[in-house]
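Me: I am new to this structure and should like to be guided through it by questions and answers. Please begin with a single residue and proceed from there to the whole chain.

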Amino acid sequence: MSDLQRLAAHHADALLRFERENREWFARSVPDRGDAYFADFAARHAGLLAEQESGTCHFHVLVDADGEVLGRFNLVDVADGEAELGYRVAERAAGRGVATDGVRRVVALARRAYGLRRLTAGTTLDNAGSLAVLRRTGFTPVGEVSLDGRPGLRFARGLTADD
């Protein structure tokens, strides 16, 4: 059983391990974070917590029974009842519905806990897994985008009291 938790200081070690172990996996579908991300991880983590405290972002980790991070599910650029959804799931958890489950949980939090009314997300056309997750969780394409020079789609999802 997995637990979606709001990012906290005590997640730092598990989150860094997640990012290191999955770096090559993530780089296949999204731009690599670069060596500086890992070298400055402690400061970066503290910065994320400060952003979250300000209310401009809501960061979450999905952890397994052992406290290991299975995925990250984030709402960023929160303003005027809207936010951008971003997520990534560990290679060992891919293809098992973990991303879909995590997105559904964050959608529910977005409406109920954070009072958001609309979410957007984007992914590249060659990321079949992410395209499927967004469609399965009620997001609809609203336009084409370029993500780091790669063709992609922009998605949106209105949130209702039923979410």
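Me: Where does Asp 80 lie?
Reply: The model discussed here is a predicted one. In it, the chain passes from one strand to another by way of a loop that contains Asp 80. The two strands that this loop connects are S3 and S4.

Me: Is Asp 80 buried or exposed?
Reply: A residue counts as exposed when its relative accessible area is over 50%. For Asp 80 the relative accessible area is 71%. Asp 80 is therefore exposed.

Me: What is the sign of phi at Asp 80, and what is its value?
Reply: Asp 80 is not a glycine. Its phi is nevertheless positive, at about 50°.

Me: In which loop is Asp 148 found, and what is its relative accessibility?
Reply: Asp 148 is not a glycine either, and has a positive phi of about 50°. The loop that holds Asp 148 runs between S6 and S7. Asp 148 counts as exposed, because its relative accessibility is 61%.

Me: In what order do the strands stand in the sheet?
Reply: The sheet is open, has mixed pairing and is formed by seven strands. From one strand to the next, the twist averages 25°. The order is S1-S2-S3-S4-S5-S7-S6.

Me: Which strands stand at the edges of the sheet?
Reply: A strand at an edge has a single partner strand, so one of its sides is left without a neighbour in the sheet. This applies to residues 3-6 and to residues 140-147. The edge strands are S1 and S6.

Me: Which residue in S7 is the bridge partner of Thr 140?
Reply: S6 pairs with S7, which spans residues 150-158, in the antiparallel sense. Seven bridges join these two strands. Thr 140 has as its bridge partner in S7 the residue Ala 156.

Me: Which strands does helix H1 touch, and which does helix H4 touch?
Reply: Helix H1, residues 12-21, packs on the sheet at about 100° to the direction of S3, and touches S2, S3 and S4. Helix H4, residues 41-54, also packs on the sheet, and its direction makes about 120° with that of S2. The strands touched by H4 are S1, S2 and S3.

Me: How many aromatic pairs are there, and what is the angle between the planes of Tyr 37 and Phe 38?
Reply: The count comes to four aromatic pairs. Among them is the pair of Tyr 37 and Phe 38, whose centres lie 5.1 Å apart. Both residues are buried. Their pair is edge-to-face, with an angle between the planes of 85°.

Me: Which residue completes the cluster with Tyr 37 and Phe 38?
Reply: The charged end of Arg 33 sits over the ring of Tyr 37, 4.7 Å from the ring centre. Ring pairs link Tyr 37 and Phe 38 into a cluster with Phe 41.

Me: What is the angle between the planes of Phe 73 and Tyr 87?
Reply: The centres of the two rings are 6.1 Å apart, and the pair is stacked. Phe 73 belongs to S3 and Tyr 87 to S4, 14 residues apart. Phe 73 counts as buried, because its relative accessibility is 0%. The angle between the planes of the pair is 15°.

Me: What is the radius of gyration of the chain?
Reply: The chain has six helices and seven strands, and 44% of its residues count as buried. For 163 residues, a compact globule would have a radius of gyration near 15 Å. The value for the chain agrees with this, at 15 Å.

Methods. Residues are numbered from 1 along each chain as its sequence is written. This is a predicted model: local features need pLDDT of at least 70, side-chain atom pairs count only at pLDDT 80 or more; totals for chains, interfaces and linings use all residues. Side-chain values use heavy atoms; hydrogens and water are left out. Two strands pair if DSSP finds at least two bridges between them. Helices (H or I, at least four residues) and strands (E, at least two) are DSSP runs, numbered from the N terminus. Axes are lines fitted to C-alpha atoms, for helices over the stretch in contact, and angles run from 0 to 180 degrees between N-to-C directions. Contact means heavy atoms within 4.5 Å. Buried means under 20% relative accessible area, exposed over 50%, partly exposed in between (1.4 Å probe, protein chains only). Rings of Phe, Tyr and Trp (its six-membered ring) pair if their centres lie within 6.5 Å; planes under 30 degrees apart count as stacked, over 60 as edge-to-face and the rest as tilted. A charge sits over a ring if NZ of Lys or CZ of Arg is within 6 Å of the ring centre and within 35 degrees of the ring normal. The radius of gyration is taken over C-alpha atoms; the globule rule is 2.2 Å times the number of residues to the power 0.38.
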